[in-house]
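User: I am a first-year student and would like a close look at a single part of this protein model. Please explain each technical term when it first appears.

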Amino acid sequence: MQTPATPPMTKAVIPAAGLGTRFLPATKATPKEMLPVVDKPAIQYVVEEAAAVGLTDVLMITGRNKRALEDHFDRAHELETVLEAKGDERRLALVRESSALATVHYARQGDPLGLGHAVLAAEAHVGPNPFAVLLGDDLIDPRDPLLARMIEVRERHGGSVVALTEVPEDRIHLYGCAVVEPTEEADAPRITGLVEKPAPGTAPSRYAVIGRYVLDPAVFEVLRHTAPGRGGEIQLTDALHELATTGVGGPVHGVVFRGRRYDTGDRADYLKATVRLACERSDLGPDFRAWLREFATTELPPAQ
């Protein structure tokens, strides 16, 4: 139960300043966040996720050549007028949907100094309030409500909450890794430390950090004095490690996510995400699945 002393969270921060170099040349003139997953840009799925749990005050941290993001979440009066004149109510609703999801604000990161630096750029907008950070490369299936559970854990324990997923031991070095201790809630361990991309064989657990965070505003003061880490960037993982080990801003908990998650930050995984989501669509799925079965059995070359 919310109390007057604990106002509901309403603010979400979405870092969107990356250059998307893994998707060149498609991202030479188009922000990677605007690449379509079926028929919606990836960034819209993320804003929908935030809005579904009441985070309707959204700040996007952008950089150069990101004007398309602002246009997408703005009204398109000329297009709406054309669709209205045609009586195309279905497409009109789709066009208006993105601008009605949330109140979206924008701030420039300026120098590309890492995720921690991008989060710090949100301080003036967020103020002294807890807030969520959603990374656009991770799309979370709405049937598996991760953010709602994270907010619940924050309301119960205070502090900050980090989304975790269990990965194979031979892949944990690719992620930020959490040092955890169990609590009475099996899916919400206490985090006592974090390591950014540990050397192979040195990881303290198989719990990898994925792109959802619910943060206490104390993180801003920590980020201000966090030195650049791996890659010369200010790592959010380093700041969270300090919060976890010092107790500043309250405890740090994890939420272990075992639901459906689609990675759009890698070309092969982006294609897999598009296929999975298309297969599950009621309007596209039946025909697409039938074609996919035929293609897989008759046109694919045999495995080598």
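Analyst: The following account concerns helices H10 and H11, and then some features of the loops.

This is a predicted model, in which local features need pLDDT of at least 70 and side-chain atom pairs count only at pLDDT 80 or more, whereas totals for chains, interfaces and linings use all residues. Residues are numbered from 1 along each chain as its sequence is written, and side-chain values use heavy atoms, with hydrogens and water left out.

Helix H10 covers residues 267-280 and helix H11 covers residues 285-298. Helices (H or I, at least four residues) and strands (E, at least two) are DSSP runs, numbered from the N terminus. The axes of H10 and H11 come within 7 Å and cross at roughly 125°. Such axes are lines fitted to C-alpha atoms, for helices over the stretch in contact, and the angles run from 0 to 180 degrees between N-to-C directions. H10 and H11 are therefore oblique to each other; angles under 35 degrees count as roughly parallel, over 145 as roughly antiparallel, 65 to 115 as roughly perpendicular and the rest as oblique.

Where H10 and H11 meet, Val275, Ala278 and Cys279 of H10 are in contact with Gly285, Phe288, Arg289 and Leu292 of H11, contact meaning heavy atoms within 4.5 Å. Sorted by class, the contact of H10 with H11 has 5 nonpolar, 1 polar and 1 charged residues. Here Ala, Val, Leu, Ile, Met, Phe, Trp, Tyr, Cys and Pro count as nonpolar, Asp, Glu, Lys and Arg as charged, and the others, Gly among them, as polar.

The aromatic rings come next. The whole structure contains 4 aromatic pairs. Rings of Phe, Tyr and Trp (its six-membered ring) pair if their centres lie within 6.5 Å; planes under 30 degrees apart count as stacked, over 60 as edge-to-face and the rest as tilted. One of the pairs, phenylalanine 23 with tyrosine 270, is edge-to-face, at 5.4 Å centre to centre and 75° between the planes. Phenylalanine 23 lies in the loop between strand S1 (11-16) and strand S2 (36-37) and tyrosine 270 in helix H10, so the pair ties together parts that are 247 residues apart in sequence. Phenylalanine 23 and tyrosine 270 are both buried; buried means under 20% relative accessible area, exposed over 50%, and partly exposed in between (1.4 Å probe, protein chains only).

Another pair, phenylalanine 288 with tryptophan 291, is stacked, with 5.9 Å centre to centre and 20° between the planes. These residues are 3 apart in helix H11, and so about one helical turn separates phenylalanine 288 from tryptophan 291. Phenylalanine 288 is partly exposed at 24% relative accessibility, and tryptophan 291 is partly exposed at 43%. Ring pairs join Phe288, Trp291 and Phe295 into a cluster.

Helix H11 also holds threonine 298, which is exposed with a relative accessible area of 54%. The side chain of threonine 298 reaches the backbone oxygen of glutamate 294 at 2.6 Å.

Finally, the loops deserve attention. Most residues other than glycine have a negative phi, and most peptide bonds are trans. Leucine 24 and proline 25, however, are joined by a cis peptide bond with omega about 5°, and proline 25 is in the loop between S1 and S2. Valine 38, in the loop between S2 and strand S3 (40-41), has a positive phi near 65°.

Note on methods:
Polar contact = N/O pair within 3.5 Å; in protein donor to acceptor, adjacent residues only side chain to side chain.
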